[in-house]
Amino acid sequence: MKNICGNIEFIKDTINSVKNAPVAELMAVTKNFPYQCVLEALKCGIKHIGESKIKEALPKFEQLGLSLAGITKHFIGHLQSNKARKAVENFDLIHSLDSVKLAGDISRHAVNRGKLQNCLIEVKISQEITKTGVNPNDVEGFYKQCLSIPNISIKGLMFIAPYSGNPEDSRPYFKQVYNLFEKIRKSSSSYEFDILSMGMSDDYKIALEEGATMVRIGSAIFGKRSYGNK
């Protein structure tokens, strides 16, 4: 087993060392890692785990069983409408809400289960075709639309910066998303709009400096992914 506990402690120390940063939650991104690694992370104090594929996550959750008691499960991948039911059934927070149609699908399944489904609006700034999300100019209007959709609670925003070899390249994007987050938060009547999920293994310190309240860390905890492990 890799030095998972040591990596987690190092990241937590880094989070705590960032001056003027909000108190931030550490999410362990467990996609493509076996349940044994996830179990070790839970034993080392991780309270939030993130998965991006329903097909991979559900067998892993079953293997982890009671170890997931008290753990918040996050869906962080692109969510297709035909997977909305399983996402609602199995995840506490969906990070990738990006359309009114998807909001309606999530709402329908949440109503059927008698569940209030927590979601984040995914913001897309870059022109990368592989990225999904809502245009920054449309996020505030989309948020207001979601307020009238039953059984959905919008908790904040999620953002993935464009890939770069230099973490500093992410800073202007993080600033832009933070400003949008603050604008909505201050105008919202909901005190629960308080999650800004941005920053990953390579750039999470920059994200924290720019106001992230949750960082999503995978390889810096578990090591390099093996994408053959589906």
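**Exercise 1. Find the bridge partner of Met158 in S7, then describe how strand S6 is placed.**

Solution. In S7, Met158 has Ser197 as its bridge partner. The model is predicted; local features need pLDDT of at least 70, side-chain atom pairs count only at pLDDT 80 or more, and totals for chains, interfaces and linings use all residues. Residues are numbered from 1 along each chain as its sequence is written, and side-chain values use heavy atoms, without hydrogens and water.

Next, take the strands, which are DSSP runs (E, at least two residues; helices are H or I, at least four), numbered from the N terminus. Strands pair if DSSP finds at least two bridges between them. S6 and strand S7 (residues 195–198) are parallel, with four bridges. Strand S5 (residues 117–123) also runs parallel to S6, joined by seven bridges; there, Gln117 stands opposite Ile152.

Last, check burial (buried is under 20% relative accessible area, exposed over 50%, partly exposed in between; 1.4 Å probe, protein chains only). Eight of the eight residues of S6 (residues 152–159) are buried, so the strand is largely enclosed by the rest of the structure.

**Exercise 2. Describe the aromatic pair of Phe33 and Phe222.**

Solution. Rings of Phe, Tyr and Trp (its six-membered ring) pair if their centres lie within 6.5 Å; planes under 30 degrees apart are stacked, over 60 edge-to-face, the rest tilted. The whole structure has seven aromatic pairs. Phe33 and Phe222 form a tilted one, with 4.8 Å centre to centre and 35 degrees between the planes. The two residues are 189 residues apart in the chain. Phe33 is buried at 3% relative accessible area, and Phe222 is buried at 0%.
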